[in-house]
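The report that follows is meant for a reader who is meeting this structure for the first time. It takes up a few topics in turn and describes what can be read from the model under each of them.

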Amino acid sequence: GEDAVVAAADADAAATAAFSWPNDTEAGELFVVHCAPCHTDPTTMQGVYGTEAATLKLLITDGGNNIMSMPAFRDRISATEIDLITDYVVEQKGWD
């Protein structure tokens, strides 16, 4: 209902406020909505699964495989959006 919509908007606003990477692009906006609720501090993203774009894309698509695993996003966002997020993270982190 209406309370859920307000709560979601509040969560999005909080994630945007807490996140310090540029979010004025489509990729940045996608990251804020789909990633920043958990990854609020970009310095904590250390590339546990690897720092290559192909590895990151697989992680976003299929999810992680450890105790604190992130979920798979294959059924939540499009392949194009996964590519945008992948490129955004690689660029912001200075990864290859």
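## Cysteines

The structure holds zero disulfides, a statement that, like everything below, refers to a predicted model. C35 takes part in no disulfide, and the nearest cysteine sulfur, that of C38, is 8.9 Å away. Since a disulfide would need the two sulfur atoms to lie within 2.5 Å, the separation of 8.9 Å leaves C38 outside any disulfide as well.

The surroundings of these two cysteines can be described through their accessibility. C35 counts as buried at 12% relative accessibility, whereas C38 is exposed, with a relative accessible area of 69%.

## Aromatic pairs

The count of aromatic pairs comes to three. In one of them, W21 and Y88 meet edge-to-face, with 5.7 Å from centre to centre and 70° between the planes. W21 lies in the loop between α1 (2-18) and α2 (26-34), while Y88 belongs to helix α4 (residues 79-93), so this pair ties together parts of the chain that are 67 residues apart in sequence. Both W21 and Y88 are buried.

Y88 also pairs with F31, in a tilted arrangement with 5.6 Å from centre to centre and 45° between the planes. This pair, too, links distant parts of the chain, as F31 is in helix α2 and Y88 in helix α4, 57 residues apart. Both F31 and Y88 are buried, and W21, F31 and Y88 form one aromatic cluster. Elsewhere, an aromatic ring meets a charge: the charged end of R76 sits over the ring of F73, 5.2 Å from the centre of that ring.

## The nonpolar core

In soluble globular proteins, nonpolar side chains tend to be buried together. Here the largest nonpolar core has 18 residues, and those that touch the most other members are W21, F31, L56, I60, I85, Y88 and V89. Helices α2, α3 (53-62) and α4 each supply at least two residues of this core, and the largest share, five residues, comes from α4.

## Helix α3 against helix α4

Which residues of α3 are buried? They are L56, L59, I60 and T61, and these buried residues pack against α4. On the α4 side, T86 is found in that helix and is buried, with a relative accessible area of 3%. Not counting residues up to four places away in sequence, T86 touches A53, L56, K57 and I60.

I60, which is found in helix α3, is buried with a relative accessible area of 6%. Leaving aside its neighbours within four places in sequence, I60 is in contact with M70, P71, A72, F73, R74, I82, I85 and T86. As for R74, its C-alpha is 7.6 Å from that of I60, although the two residues are 14 residues apart in sequence. Just after α3, G63 takes a positive phi of about 85°.

## Salt bridges

Side chains of opposite charge can pair when their charged atoms come close. A search of the whole structure finds two salt bridges. In one, the side chains of K57 and D83 meet at 3.0 Å, N to O, and this pair links distant parts of the chain, with K57 in helix α3 and D83 in helix α4, 26 residues apart. K57 counts as partly exposed at 35% relative accessibility, and D83 likewise counts as partly exposed, at 31%.

In the other, the side chains of R74 and D62 meet at 1.8 Å, N to O. R74 lies in the loop between α3 and α4 and D62 in helix α3, so the pair ties together parts that are twelve residues apart in sequence. R74 is partly exposed, with a relative accessible area of 47%, and D62 is partly exposed as well, with a relative accessible area of 38%.

Note on methods: Residues numbered from 1 in each chain as written. Predicted model: local features only at pLDDT ≥ 70, side-chain atom pairs only at ≥ 80, totals over all residues. Heavy atoms only, no water. Phe/Tyr/Trp six-rings, centres within 6.5 Å; stacked < 30°, edge-to-face > 60°. Helix = DSSP H or I, 4+ residues; strand = E, 2+ residues; numbered from the N terminus. Buried < 20%, exposed > 50% of the residue type's maximum accessible area, 1.4 Å probe, protein only. Lys NZ or Arg CZ within 6 Å of the ring centre and 35° of its normal. Core = buried A, V, L, I, M, F, W, Y, C linked by side-chain atoms within 4.5 Å. Contact = heavy atoms within 4.5 Å. Salt bridge = Lys/Arg side-chain N within 4 Å of Asp/Glu carboxyl O.
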